[in-house]
Each structure stands twice: as structure tokens, then as C-alpha cells.
Amino acid sequence: MTRKSPESLLPLTPAVLHILLALADGERHGYAIAQEVEAMSEGQVRMGPGTLYGSILRMTSSELVEEVVTRRREDGDERRRYYRLTPFGRRVLVREVARLDAVVALARRKSLLQAPA
Amino acid sequence: MSDHPRPTRRSRLLAYCYPRELREQYADDIARFIDDARLDPRYRDDPFGPLRVTARLSADALSSFFSSLRQGSPRPVRVAAAHPSLGQRIRSISMVALMKDVRFAFRGFIRRPAFTAVALGTLMLGIGANTAIFTLVNALLLRPLPYEHPEQLVTIWGTSDAQKQLLLSLPDIVDLRERNRTFSDIGVVRTMSVNLTGGDRPDRVIGSFVTASTLRLLGAKMAAGRRFTDDETALGAGQQVAVLSYAAWMARFGGRPDAVGKTMILNGRPHVVIGVTAADFLDPFEAELWLPITSAPSRQWYDRSNASVWAIGRLKPGLTPEAGQQDLVSLEAQLQREHPQSGARPSVSVMNLREQLVGNSRFMLLVLFGAVLAVLLIVCVNLANLQLIRASTRAREISLRAALGANRAHLAIQMIVESLMLSLIGGVLGVVLGAWAVKALVGLLPIANATPVHVDAWVLAFTFAIAVVTGLMFGAPAALFGSRINLQDALRTRTESATARRFNARNALVAAELSLCIVLLAVAGLLTRSLVRLQHANTGFDPDNVLTAELRLPSAKYDDSTKVELFMTAALERLRELPGVASVALIDAIPLSGNFGMMSYVAEGHAQPAGAEPVTQITNASDGYFRTMRIPQLAGRDFDSHDRVGSERVAIVNQAFASKEWPGESAIGKSVRLIGPPDVNVRVVGVVGNVKQQTLSEHDSPQLYLDKMQASGIFASVAMRTLGDPDARGKALREAIWSVDPDQPVWKVRSMSALVRRDLAPAKLSVNLIGAFAALAIVLAVIGVYGVMSFSVAQRTREVGIRMALGARGSQAVLMVLRSGLEVVVVAVAVGVAGALAAGRYLESRLYNVGASDPVTMVTVPLILALVAMLASWLPARRAARVDPAITLREE
């Protein structure tokens with residue numbers, strides 16, 4: 001697959017965005033991603049296995065995330081599959097967050113939102 | 001976080017709910033995810049955790065399924081920015097929208113607690129009743145019996161026009177087993193009480209006298225030891241051995257492994273225990289232990305002229321019971337030609353084992369099943385009506401949403417989602433109620449060993465299915481009509497216009513539920529009247545203050561008639577001496593105890609060709625029996641002390657016998673030949689009243705009593721008229737018998753009135769159940785009528801207001817409303833009575849002295865229902881009279 005420009009993938013669906021965010025600080029396995037997403041969003045976003053792996057399937061083929069080459073780990077089950085951001089995935093995430101930030105700034109200028117305390 | 005090396009099997013199965021392209025890559029990961037979610041402490045420690053996890057997973061699987069439908073194959077992330085395609089738009093709404101609908105519905109439920117409570121309550125009752133009855137239907141009629149290839153198992157009985165299940169002779173069955181071409185094997189069965197002695201006190205167990213083939217063809221697995229060998233049960237060469245059931249092993253030997261090899265004293269003879277069947281092997285005839293047929297309590301069993309056993313057979317694969325029956329009937333005819341001296345044989349009937357075990361309950365179960373389905377239909381109709389009414393009162397809200405762009409399909413889906421959620425929650429509550437009700441019911445029903453009743457996966461699947469169907473059914477009318485709202489009309493006027501058709505969908509639904517109600521009520525009425533007639537049926541005896549008990553003398557100990565006679569005479573004397581006893585008699589078959597005997601006979605002056613002789617019930621009774629039971633002596637005398645062994649054989653016949661054989665003449669002094677072998681000639685010395693012997697619903701038929709002292713058999717029952725509560729005399733009765741023979745077990749000590757109650761119990765149970773369902777149906781119907789009439793009054797306020805402004809009086813307004821209620825009732829009565837008459841014809845064979853179209857029922861029921869329905873419409877109708885025309889018109 002030829003590499004696209006990060007912009008061609010924007011805007012991201014909420015699921016994809018959250019998964020990227022969950023992987024931003026390190027590799028995780030499936031259920032850990034779902035837990036992290038739920039924790040980050042304070043319970044607002046909950047993912048079932050179908051949504052999660054459906055998104056991961058598409059994100060892998062878009063080269064946003066990749067599977068960590070399996071190795072024996074001290075703290076977990078080596079048969080679980082772990083995922084991490086690709087450098088491209090990280091770029092896409094940064095662009096998306098920047099885009100959202102611009103949108104939020106715009107909304108604030110229109111006094112739609114209170115500035116964070 | 002769990003660290004299962006492998007995901008659990010259950011989760012791997014659940015992963016199959018996900019679309020293929022996901023499973024190909026992630027099947028194990030999805031399964032592991034499900035495990036993790038289930039073990040997550042947040043859910044594990046929450047009582048509703050499993051429910052929440054299940055809800056989340058189902059929603060998730062559903063949404064993956066939808067998105068796989070849309071996508072077909074995995075695609076890169078690429079979410080369109082500016083111009084989403086139609087498909088993408090649908091994708092974005094489907095699951096999100098569905099979840100939104102679910103949340104919307106939930107908020108609605110909380111906003112309308114009354115509606116939600118009524119809906120859930122009625123759904124719970126309707127679905128619960130169905131779950132309970134279906135659990136019985138499933139256990140008794142649907143689930144295969146717990147044997148290998150149960151469809152091949154049949155019972156083999158003799159049969160005649162008068163009697164469905166007659167015993168066959170043992171040598172005949174042995175010949176049938178050897179000569180038939182349709183059975184893979186046939187085994188002899190005779191279940192009867194066996195005296196167990198040698199313990200603290202004499203006891204009785206239910207034993208089954210069998211051949212080795214019986215346990216073999218049933219596929220009995222063993223927990224210890226072995227089954228019988230053919231040699232051990234072969235006629236003329238049998239061994240005194242026994243096989244215990246698992247339950248008997250536990251009860252008698254505490255499950256100790258050394259039980260095999262121990263000796264038990266059964267019917268006075270030692271038997272070596274050679275094996276114990278596995279815990280999951282259940283004898284179809286409830287036996288607790290098995291004995292070789294060669295341990296039979298009487299030598300007569302080996303005589304070809306004596307019918308003492310039945311049989312169980314395994315048909316060759318693919319053959320029907322009919323084919324087996326044809327085969328055996330022709331063989332039996334062949335045996336008749338070969339052994340004419342052993343008397344006329346009954347025909348042979350081959351019956352599927354399940355039919356044998358549950359045949360009697362099938363009819364009532366199906367009636368009950370019909371009744372609960374009718375109740376559920378009424379629940380559906382009621383809720384459909386409530387939803388319709390809500391849809392019309394929400395017309396403005398719905399129109400507003402439609403005007404703002406909600407499409408009609410989505411509005412309809414939302415109503416369906418709401419109904420489905422209600423019915424699914426109602427279904428969960430229903431399963432809980434049903435499981436509880438089943439437990440209560442099982443105690444009241446005679447359930448065979450081989451058909452244990454419990455809620456299984458099929459029951460849950462059935463409940464789920466009816467919950468979904470119920471939800472769709474009561475949601476559909478509102479979804480169809482409710483979403484079809486003319487935007488302009490609805491937004492313009494305050495309520496539906498006065499020109500609404502009078503007989504609309506709502507009225508049709510109410511008429512439907514009222515007519516179902518009439519059918520149910522009529523069935524309940526017919527069964528109740530039948531039960532009342534049965535309760536007042538003339539039993540022919542006075543059951544109050546009579547205590548009965550059963551015993552059987554072991555033939556090993558009482559091996560000649562003198563010993564038997566001595567025992568009987570001594571027992572009678574001891575019993576007569578008991579304080580508080582008015583009179584005592586011995587008899588071999590107490591009425592309604594399940595015991596009775598039949599014999600062919602030839603009455604004086606009525607020669608009959610051999611094989612065509614009439615049959616009579618035959619009972620051996622001691623003198624004083626008629627006095628004890630208060631059976632009226634109509635002519636002649638009772639047995640007395642002059643009737644002894646050696647003196648002329650005497651008999652007493654009942655009125656039905658006398659008037660059938662000697663109409664218009666005196667029966668006294670006539671002679672009757674009882675067909676043996678050997679034939680016995682008896683002289684009639686008395687005539688007594690007719691007695692219900694087998695069941696209260698039987699018709700009067702010929703009965704003949706022989707003097708027990710002239711033909712002392714080893715079977716005896718005690719009938720004892722007491723001066724107070726008969727149940728208080730049980731202990732004294734046992735001790736009196738034990739004072740004659742301390743090793744003699746006495747069982748089934750029960751009062752005559754308990755036997756009468758037992759005979760009435762099945763009819764009573766079905767009346768109670770159907771009655772409860774009918775009562776529920778009426779309550780639901782009243783709610784339905786009241787709701788619809790209130791609504792129609794509210795809707796017609798404007799029309800009423802205008803009329804009153806033009807001079808109509810309040811009473812006229814009430815009448816106007818009532819008239820539309822009356823139309824509904826008339827339609828309902830016409831349809832309902834037709835249905836009730838059809839249901840009555842179906843029930844006819846089970847009714848006692850009540851016609852299928854019993855006029856009392858068929859007039860009273862519709863009348864009551866019409867009155868109730870009119871009352872339910874009158875209450876809201878009164879409101880019409882209070883309409884203030886000024887206010888109504890101003891509001892326009």
C-alpha cells in the first residue's frame with residue numbers, strides 16, 4: 001500500500017481517534033485498549049470487541065498501528081497480541097488533534113464554550 | 001485481568017456471533033476480550049454485571065454485523081470528509097441510532113412508571129405462565145426419554161374392548177420374544193410392592209420382576225456390579241439375585257460399595273445383590289429394585305392360563321409400533337391355536353413408551369398450553385391498545401418530530417424497539433416467575449421418573465422466542481398506524497377529529513380480547529361444572545371416617561391356604577378389638593386405590609360362545625365390608641360365618657350386574673360361572689349398590705363380590721370404620737397387624753376420603769389453573785375495555801360538547817358512548833361463543849355429565865363478560881355527561 005498524506009485520513013472516527021490516543025503512551029493489547037479508552041473518556045466511550053477489532057483491522061491496513069512482534073513478556077500472556085502506533089499513525093494523530101484544537105479555538109471565539117478553568 | 005492460557009469455550013462460541021472477516025483474524029482475541037470483560041472486577045462485583053456485559057456484547061456484535069454487511073470486506077480507515085455516501089450515512093446512524101432509541105425508550109419507561117409497571121407486570125404474568133406450562137410440555141411431550149433411541153421403546157399389553165391395558169401370560173411373552181420378527185428384544189416387566197424384612201421394621205419397596213433382556217434393552221448402565229444374565233432369569237433355572245437402583249442403594253446401604261454381594265430378604269426369601277444401576281438410569285415404571293421373574297410371588301405366574309405380566313420391547317430400527325403390533329397380534333393368534341386349553345387370549349397392543357408414561361396428561365397439558373397462549377394473546381392485545389392510545393396522544397410530538405425531518409421508518413423502528421425492550425425485560429421476569437411456578441406445579445402432578453421436569457435451554461429459547469414475537473405483535477399496530485400521521489391534521493387540531501371511525505383498530509382489538517376471554521372463561525366454566533358434578537357423584541359408599549391400608553402376605557411364608565386363612569381371621573379379630581372402631585373388613589381392592597380385578601363370566605340362562613363372554617369387576621371381600629363402607633344392601637344377605645372353604649361358593653352382585661343379567665327378576669339364588677381356569681360356579685346370595693371402583697368418573701358396570709374367606713388370596717386391604725378421625729388410628733392398625741405377624745409390612749395407610757380427594761386431584765388442579773388463567777384474562781380485558789372507552793370519551797369530548805350545546809342531555813351523551821361499547825361487546829360475544837362451542841367439543845370426552853355446549857355455561861359466561869365489559873365502559877362514559885359544552889367549544 002502506498003503511503004498517503006496524513007490529511008487524506010482526516011477527520012477520524014471517534015473509535016479510531018480514541019484507539020490512537022490509547023496507544024499514544026505505549027503498546028497495549030486489545031482489552032487494555034478498551035479499558036484505557038473508557039478510562040480516558042470517563043466512561044463516555046465504551047468499546048466492545050467488534051468495534052475494537054473492526055477498527056484495528058482497518059487501522060492496520062491503513063498502517064496507523066502495527067502488531068508488536070510477539071515476544072515472551074514477563075508481565076503478561078505471550079499469546080495476546082499487542083499493538084503500537086506506527087510513526088505514520090502518530091503523525092495522523094497529531095494532525096487530527098491539531099485540527100480539533102483549531103475547531104475548539106474557533107468555538108471559543110464564538111463564545112460557545114467556556115475556557116477551561 | 002485474567003491470564004487464561006486459552007479463552008474459555010463459551011467465549012469462543014460467542015465469538016462466532018461476529019462477522020467472518022473479523023473472526024478470521026481475531027477469533028481468539030475477541031474470545032479473550034469477552035473473558036476479560038466478564039472477569040472485570042467492575043462487572044463481577046455488580047449484581048447486574050452479567051446483564052450489562054451481555055447487553056454491551058450483544059449491541060457490539062450487532063453493530064459489527066451491520067458494518068460488515070455494509071462493507072463486505074475490510075477497508076482502510078478513510079472516513080469520508082465532505083460528502084459521505086448514502087451507505088456511510090446509514091452506517092453512521094444504524095448502531096448509534098439504535099442505541100439512541102434504546103436510551104430514548106428507557107427514559108420513556110422511567111417517565112411513565114405506571115404504564116411501564118402495567119406493561120411489565122402483565123408481560124411477566126403472560127410470559128411466566130407460558131414458561132411454566134411449556135416447561136411441562138417440553139419435559140413430558142417433547143424432550144426425548146433418557147434412553148438410547150427412545151423412539152424404538154414400546155410397552156406391550158393385552159387389550160380388549162373394555163380394557164386398554166390387560167396383563168399377558170409369561171409363557172406367551174417368552175414365545176412372542178422368540179418368534180417375533182419386528183423386535184430387537186423384548187423384556188418382561190411386572191412392577192409391584194415387595195416386602196423387605198430383616199431390618200428394624202418390615203418395609204416395602206417397589207420391585208420390578210424382569211427378565212435379563214429388560215434391563216439390557218433399556219440400556220441400564222451400572223454404578224457397581226453387573227446386570228442379570230439370561231441364565232439368572234430363565235424360567236425354571238433362575239437365581240435369587242437382585243439389582244438395586246442408585247436411589248435404593250443410597251437409601252438402604254448408604255451408597256456403600258460392599259452392598260454388592262450382600263443379602264436382602266425380599267418377599268421372605270434371601271436375594272443376593274449383584275449390581276447397582278447408575279445414578280442417571282431411571283426405571284420407566286419407578287422400580288427401586290429389580291428381581292428375576294423367577295422370584296415371582298406366585299407360582300401361578302408361570303402358568304400359561306394366568307396373565308400376570310406386561311412387557312417392554314425395543315423395535316428394530318425404522319419399524320413403527322403398528323408394525324410391531326401387527327406381528328405380535330398374529331403370533332398371539334398362533335399361540336391361541338397351539339394352546340386352546342389356556343383360555344381366550346386378549347389381543348395385543350403395542351404402545352410407544354412415551355405414550356404409556358404421559359398419554360394421560362397430554363390432553364390436559366395441551367388445553368393448559370392453549371389457555372396460557374390465549375392469556376398471552378390478550379396481554380399482547382392489551383399492550384397493543386395501550387401503545388396505540390399512546391401513539392395517538394403523542395400524535396403532536398410525533399408530527400413535530402416528523403416535521404423536523406425524522407423519517408417515518410425511523411419513528412416506526414423506535415416504537416418497535418420500545419416494545420421489544422419491554423417484552424424482553426418482561427421475558428426475563430417471566431422466566432423467573434415461570435421457574436418458580438414450575439417448582440410449585442411439579443409437587444401437584446404425578447410426574448414419571450423418566451420425564452424429570454426442569455427449565456432447560458429449550459424452555460429458555462421458547463421464552464425468548466415468545467418474548468420477541470410478543471414485542472413485535474404489540475409494537476406493530478402502533479408502529480404501523482401510529483407513525484402514519486397526517487402532519488397538517490395533527491398539528492392543526494387539538495385532538496383527533498370527531499369524525500374518527502367508530503369501529504377502528506382499537507375497538508377491533510378490544511373485541512378480540514373479549515372474545516378470547518369468553519372462550520377461556522367457558523372452558524373454565526365447563527371444567528368447573530364437570531368437577532362439581534364429579535364431587536357430587538354418588539360413589540356408592542360413605543368415605544367419611546374410614547381408614548384403609550394394604551398388605552400382601554409373602555407366599556414363601558404363607559404357602560398354603562390354611563395359613564393365609566388363619567392370618568386373615570386373626571387380623572380381623574385384632575382389628576375389631578381396637579378401641580374406637582365401629583367395624584372392620586378385609587378386601588383385596590379398596591375402591592379408588594388403583595386396584596381392581598376383572599373376570600369373564602357366564603350368568604345362568606345366558607349361554608355365550610367361548611371367547612365372547614361378558615366381563616365383570618371382581619372383588620374378594622370379607623363379611624362386614626358393605627356395612628363398613630355403608631354400601632346399601634338391596635336384597636338377600638351379606639357373607640356370613642357359614643360361608644367357609646368347602647361350603648357352597650357364594651357371591652354378591654351389584655345392582656348393575658343384576659339388572660343387566662336378570663332384568664325384572666330376583667337375582668337371589670341365580671348361579672354364575674366365572675371363567676377360569678379353573679371355572680368356578682357361584683350362587684348369588686345378595687344384591688348391593690353400585691360402587692365407583694376405578695375412578696369417580698366411571699359409569700356403573702357389573703361388579704361381583706366373592707367371599708374372601710372362601711378364596712383367600714395373599715393380597716389384602718383393610719377397611720376400618722372409626723368413631724373419630726380415621727387418620728389417628730393408623731398406628732393402632734399397623735400394630736394390630738404386627739401383633740399377628742411382626743414381619744408383615746403394612747403400607748398405604750390412608751383414609752377413604754383421601755382416596756376420593758386423590759381421584760379428584762387432577763380435575764381440581766386443571767380447574768384451578770384454567771380458572772386462574774381465566775381470571776387473569778378477565779382482569780386484563782377489563783383494563784383493556786376501560787382504557788379504550790376512557791380514551792374514546794376523551795376524544796369525543798368535542799362531539800359531545802357540541803351535541804350538548806345543541807340541547808342533548810347528559811344521559812343521552814352517556815348512552816351515546818355506551819352504544820359504541822355495546823357494539824364491541826356484541827361482536828365479541830358472537831365470536832367468543834362460537835369459539836367457546838368449538839373448544840367445548842374438543843373438551844367433550846373429558847367432561848363428566850356436562851354437555852360440550854352446556855347451556856348454563858354458554859349463556860352465563862357471555863352474560864357475565866358483557867356485564868363486566870359494559871361496567872368498564874360505563875365508568876368512563878359517565879364522564880361524557882359532565883362535559884361542559886362552553887369549555888369544550890372555547891377550547892376549539
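Cys517(B) is tucked away in this predicted model: its relative accessible area is 1%, so the residue counts as buried, the cut-off being under 20%. Cys380(B) gets the same label, because its relative accessibility of 5% also falls under that 20% mark. What about disulfides, then: how many are there over all chains? The count comes to zero.

Now for the nonpolar cores. The largest of them takes in 153 residues. Which residues have the most contacts inside it? They are Phe228(B), Leu514(B), Tyr625(B), Tyr705(B) and Phe773(B). As for secondary structure, helix 12 of chain B, spanning residues 353–393, gives the most to this core, putting in 21 residues.

Tyr625(B) is a good place to stop and look around. Setting aside neighbours within four places in sequence, Tyr625(B) touches Ala585(B), Ile587(B), Pro591(B), Ile631(B) and Tyr705(B). Tyr705(B) is itself on the list of residues with the most contacts in the core. Apart from this core there is another one, of 40 residues, and its members include Val16(A) and Ile33(A) from chain A along with Tyr26(B) and Leu57(B) from chain B.

Last stop: a pair of helices in chain B. Packed helices are described by the angle between their axes and the distance between those axes. Here, helix 23 (residues 797–805) and helix 24 (residues 810–843) have axes that come within 10 Å and cross at roughly 145°, and the crossing is right-handed. Helix 23 brings Glu799(B), Val800(B), Arg803(B) and Met804(B) to the contact, while helix 24 supplies Gly810(B), Ala813(B) and Met816(B). Sorted by class, that makes four nonpolar, one polar and two charged residues.

Note on methods
Residues numbered from 1 in each chain as written. Chains lettered and ligands numbered in written order. Predicted model: local features only at pLDDT ≥ 70, side-chain atom pairs only at ≥ 80, totals over all residues. Heavy atoms only, no water. Core = buried A, V, L, I, M, F, W, Y, C linked by side-chain atoms within 4.5 Å. Buried < 20%, exposed > 50% of the residue type's maximum accessible area, 1.4 Å probe, protein only. Helix = DSSP H or I, 4+ residues; strand = E, 2+ residues; numbered from the N terminus. Contact = heavy atoms within 4.5 Å. Axes fitted to C-alpha atoms, helices over the stretch in contact; angles between N-to-C directions. Left-handed = near helix turned anticlockwise from the far one by under 90°. Nonpolar A, V, L, I, M, F, W, Y, C, P; charged D, E, K, R; others polar. Disulfide = S-S within 2.5 Å.
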